[in-house]
Amino acid sequence: MLLTVNTLIGYTGDSLKDTVERILWISSDYTVAVLIDIYANKSTPIYKNVEDIVNDIEIKGATVIKDDPFQIFRNDNEISEKEKEIRNKAWEIIKAIAEKENEPEVFNAKKRAELVKKASGKFGVSNKTVYKYLRRYWQRGKHMNALLPDYKNIGRSQEKQATGKKRGRPKKYKDIVGEGVNVNEETKRIFRIALNKFYYTKSGNSLNTAYQLMRKEFYADGYRIDGGIRKPILKPSSAVPTFGQFKYFFYKERNLKKEIYSRQGSKEYLQNHRALLGNSTVEAYGPGYYEIDATIADVYLVSRYNRNWIIGRPVIYLCVDKFSMMITGLYVGLEGPSWNGAMSALANSASNKVDFCKEYDIEIIEEQWPSRHLCDTLIADRELQGKMVETLVSSLHVKVQNTSPYRADMKPFVERKFQIINEKSVQPFLPGTVKTDFRKRGSRDYRLDSVLDLFQFTQVMIYSILEYNQSWLSNYNREEMMIADDIEPIPIKLWNWGIKNRAGLLRSVSEDIVKLNLMPTANAYITGKGIKFKGLFYTSSNLIREGSFERARITGSGEKIQISYEPRNLNYIYIKKENGKDFEKCHILDYQEAHKNKSLEEIEYLQEYEKLLKKQKEDEQLQSKIDLISEIENIVQEAEKMTKEQQDGTESKTQKLKGIRKNRQIEKMINRENEAFELDKKVTSEKGQVVSFNRMINQDSEQEQEELEDEIALLRKKQKERAYGKTE
């Protein structure tokens, strides 16, 4: 069994909750480990033999705990500024004590006491506070977000209510200087104005100077003229806030970032005081130091929707372990170098490769591609910058190092892997590859030879990686220990040797937690048809139970929710629960079968193609609509002409409206004869002429029947006259 940093070991026999230990460090020879009880209030690191831990697990005296109670996923945009301030302050202290360069010395009580005392003096906090930060950092998984405050477990202190009596400790010489004053809301307002005006400025005034200037401006009792100079008369100390009260308020609401920005400038803050999210001193002494990069493949692909569509060249992302040269992660897509592609490759490096290959109809065993751990350090190009990287660093504690522009030599290993795969697998065998003689006269356009889609090209890449990980590295410089152990320079063998002898850099993190941290997030909308995202609709069992879809349909407005999604397959989206750890998996609706098992790139390509078709049909659709309008207008004009010719103006409006019911009965009786089914019917009527009429309904009385027949006879006569006039 492989033990790695952050693995949780639960010991049976006692309460499991009280005896769960986290591995903090493993020696390079894989013999000694340092652990800490994750629940004990005053827990300290302890040393254990790795062999003893493994034996305890094998004899069922201990178990590996997969569900980490402290591994909670929180985006930086979900963390309040106050929480960030507390976390970042604690992180500055922890970096000075517990970073890798101080391991394993920091686990020694005497050395730890020296580091704590030094940090206490440097950052102006007590030893007790430093120990509290250090214990929380170790117990909760050795990442930045472990230092977030537990607001849910603590109450909020409240201001003491003013009673007219002086609060606080009585003054020693109150008979001489008086009792002093309480700090109320007006006093706080003056404190804030004074700090902004006299302290948070380029002048660099001390806090005491800012207090004195505040008394001069806000606590003066008139003025006097001395030598022609107007001088304020200060109120006595007993009538104004003390410097101690001013200082207490300052530290209570202190904003370190604002203080450095306003007093020393942004350059000083960014250069010497900002949070350092990377560390260039980490050495690849074992597996866990990854390089990541992207390239454009030298082959054109076709669409899975329609193989007549050429969709261009795919983007390939690779993660390569610097120690063993083994390829640990892969992503193939259409989107250019970006966060999504890089994070998909990093997530793949921490995933089970047996399951990953099965998605592409490739059966392997774990020994063929054993990498399924999160790295300690990631060196990448400049696309890994910004707020998304802060989440990666703070939640998963992956150090990120960005290379300078145009410096491919700073990532030599991953760059070389692209060249090897292109030369061995792409150019010689795949149709649609880029040809150098494309522009020459008579040369065939190689793009027309494209036959592979994204799924098939990814299969090619997987087979190529499996072959490469088993290949001989001719330029690998083996260490003395490797030579002594007769380890061949083959990536997978170097990886396995490093796991056994140099496993300290790899991290065991739940695959779902890694993916939740790395998945891009976006807004979706609750509608009457389901959750709408990227033009697709999904169902949610929780939202069905809550009646959210019905409410959206009734109100006609969709509620916005935040979801996480996997760009490579939009069969599912994920709604994160409030506890930051659990999530709900939402399925695409069955009637959208055409979009199942398709990537975001493929779906967006199809949607854009449909928009193009719609745009091309706009003129044709508009012409058809105009033709319809013209036909309707012609019919209306003819009807108006016929009505005008027949109306003689003798009937009043009342007479016209009075005969509606009778007119309807006459028209219905005539239409029934024309609408009745008749086989082998000879059409002999002229336009607007009724040729025959059969009595089809019974009237209520003979008098009404006779009146209707007279009306119908008159109507026939007029129709014949109009028809005869037209033929003339």
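## Helix α1 and the open sheet

Helix α1, residues 50-58, lies across five strands: β1 (8-11), β2 (20-26), β3, β4 and β5. Relative to β4, the helix runs at about 70°. The model is predicted.

These five strands form an open sheet in the order β4-β3-β2-β1-β5. Pairing is antiparallel. The edges are β4 (46-49) and β5 (62-65), each of which pairs on one side only. From one strand to the next, the twist averages 40°. Strand β3 covers residues 32-37 and is joined to β4 by four bridges. The two strands run antiparallel. Val32 has Asn49 in β4 as its bridge partner.

## The six-stranded barrel

A second set of strands closes up. Six strands make a barrel, ordered β15-β16-β17-β20-β19-β18. Here too the pairing is antiparallel. The twist from one strand to the next averages 45°.

Within the barrel, β19 (residues 572-576) and β20 (residues 583-588) are joined by five bridges. They run antiparallel. Tyr574 stands opposite Lys585 in β20.

## Cysteines

How many disulfides does the model contain? The count is zero. A disulfide needs two cysteine sulfur atoms within 2.5 Å. For Cys319, the closest cysteine sulfur is in Cys375, 6.9 Å away, so the distance is too far for a bond.

Is Cys319 buried or exposed? Cys319 is buried, at a relative accessible area of 0%. Cys586 is also buried, with a relative accessible area of 0%. Residue 586 falls in the range of strand β20 (residues 583-588).

How values were computed
Residues are numbered from 1 along each chain as its sequence is written. This is a predicted model: local features need pLDDT of at least 70, side-chain atom pairs count only at pLDDT 80 or more; totals for chains, interfaces and linings use all residues. Side-chain values use heavy atoms; hydrogens and water are left out. Buried means under 20% relative accessible area, exposed over 50%, partly exposed in between (1.4 Å probe, protein chains only). Two strands pair if DSSP finds at least two bridges between them. Axes are lines fitted to C-alpha atoms, for helices over the stretch in contact, and angles run from 0 to 180 degrees between N-to-C directions. Contact means heavy atoms within 4.5 Å.
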